[in-house]
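Ready for a few warm-up exercises? Have a look at the model below, try each task yourself, and then read the worked solution.

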Amino acid sequence: MNGARHLYVHLPFCAHRCGYCDFVTVVGQAGQHRAYVDALLLELELERDALADGLETVFLGGGTPTFTALPELVRLLEALPAAEEVTVEANPETVTAELAHALRGAGVTRVSLGAQSFRPELLRVLERVAGPDDVRRAVHHFRDAGFDNISLDLVYGIPGQSAADLEADLGDALALEPEHLSCYELEAKPGTRFTHAWGEELARQADAMEDYFERVVARLSGAGYRWYETANFCRVDSARDLRSQHNLAYWLGRDYLGIGIGAVSTIDTRRWRNAPRLGRYLEALAAGRVPERELEDVGGDVKARERVMLGLRLDEPLPLDGLRHALDPAGLARVEGLGLAERSAETLALTERGRYLGGAVTAELLA
Ligand SMILES: C[S@@+](CC[C@H](N)C(=O)[O-])C[C@H]1O[C@@H](n2cnc3c(N)ncnc32)[C@H](O)[C@@H]1O
Ligand code: SF4
C-alpha cells in the first residue's frame, strides 16, 4: 500500500444550526477553535503513515470551515500537507475580502460556497443567515483575491419553491459564472427540526422532483456545463479539468483519510468513523490517543458494490474489471432492455434516462 492521496478535514463550527442539516456541527464553542486545530494536527500526526508522500487533494468541509477563527484556519492550512487541489467550504455571510485573501495566501485553490437559493423567502424557509447579495458579494471577494475555481451549492425542492423559482435560482447562479455547481434535491433528514416542520410537504411534492431535476440538467447543460455526476456540473475548459477532484476520488473508490469529529476514512479494506463528540475528541488527542471510532470491514463485496453505486453516478463508463460478481445478470438484462444502461465488453454506463432515475436503476443492477 502506498498511502492515500486524498485528505478530508472536518471543521464542525457553525454560527447557528440550519433546520434541515444533519452534518456533524457544533454551535458556539468559540473558545475551542484553537484546541480543535491542535487536535486535528495531532490526529494527522498519528495517521501520517496512512497518507502518501504527495497528495492530490485536501478538502476542508463542515460545519462552516470559514466560521473557524481566521488565525486558526490559516494555521491549520499552513500545517497541512500540500496538494494539487485544496478546497475550502464557505458560507456566504462569513466571506470578507480579508478571509478571501487569507485563504488564497494559505494555498487554497478552490472554494465551495453554500448559496442554496437566491430567493429570500426560500432562504428563510431554510433558516439561512445569508441573503442573495451575500452570495454575490462572497463570489466577488473570492474573484478579487484571485480564485479561478469557485463552486456554488444549490438545493431544490424547498417547500414553496415553484418551477419558476428554480429557473430563477439557476439563472442567478449562472450569472455569477461559477466553474462548478452542485445541485441537490433537499432531503428530509430524520430527526431534524426541518423534517418535523416540513416532512409531509416534502413527501407531497416528491413527484414533482423528477421534473425539477430534469430542469436543472437541461438548464445547466444548455449553458455549456458538463453533467459529470448526478448532482454535479462543471464548466468545460480545454486547459483544466474542473470536476471536483476530491469528490471524484470518493466516486472512483480511492482511499482517503478523514480527520476531525465525525470524519470517515477508508484505507484498503478498513473504514473508520470518528465519534461526533467534540469534548471526547479533544480529550483523547490531548492525551496522545486516537479518538473513539467505529470500525467497519469493507472487504469482500462491500467495496465492489459501492464502486458500482458510486461509479454509475458519473458520466464516464464504469470499467467492469473486478466488479462483475457484484452485478445481477438478470437485473442487468432488464435494465438494458429498458434502455436505462449500456454495456460494452469492458464497461457499463447508465443512459441519460437511466441517470435521471439514478439509485433505483443501480439497485436493480446489484447482485
Ligand atoms: C457540508 S454542507 C454545508 C456547507 C456549509 N456549511 C453551508 O451551509 O453552506 C454541504 C452542502 O450540502 C447540502 N445539504 C445540506 N443539507 C442538505 C439536505 N438536507 N438536503 C440536501 N442537501 C443538503 C447543501 O447544499 C450544502 O451546501
Ligand atoms: S447547513 Fe451549513 S451552516 Fe447550516 S448547520 Fe449545516 S453545516 Fe452549519
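Here come three exercises on this predicted model, each with its solution.

**Exercise 1.** Find the residues that surround ligand 2, and sort them by class.

Solution. Start with the residues around ligand 2: they are Cys14, Arg17, Cys18, Cys21, Phe23, Thr25, Gly62, Gly63, Thr64, Asn91 and Gly114. Next, sort them. You should end up with four nonpolar residues, six polar ones and one charged one. If your polar pile came out short, check your glycines, because Gly counts as polar here.

**Exercise 2.** Now do the shell around ligand 1: how many residues surround this ligand, and which elements give two or more of them?

Solution. Count first: ligand 1 has 16 residues around it, and the closest are Tyr20, Gly114, Asp153, Tyr184 and Glu187. Then look at the elements: β4 (55–62), β6 (110–116) and β7 (150–156) each give two or more residues to this shell. Finish with the classes, which are six nonpolar, six polar and four charged. Did you spot Gly114? That residue turns up around ligand 2 and among the closest to ligand 1.

**Exercise 3.** Work out how the chain is split into domains, and describe where they touch.

Solution. The domain assignment gives you domain 1 (6–250) and domain 2 (302–365). Their centres, taken over C-alpha atoms, are 28 Å apart. For the contact, domain 1 puts in eight residues and domain 2 puts in seven. On the domain 1 side, α8 (209–222) and β9 (225–229) supply at least two residues each. Sorted by class, that side has four nonpolar, one polar and three charged residues.

Technical notes
Residues are numbered from 1 along each chain as its sequence is written. Chains are lettered from A and ligands numbered from 1 in the order in which they are written. This is a predicted model: local features need pLDDT of at least 70, side-chain atom pairs count only at pLDDT 80 or more; totals for chains, interfaces and linings use all residues. A residue is near a molecule or strand if its C-beta atom, placed from the backbone, lies within 6 Å of it. Helices (H or I, at least four residues) and strands (E, at least two) are DSSP runs, numbered from the N terminus. Domain bounds come from an automatic or database domain assignment. Two residues are in contact if their C-beta atoms, placed from the backbone, lie within 7 Å.
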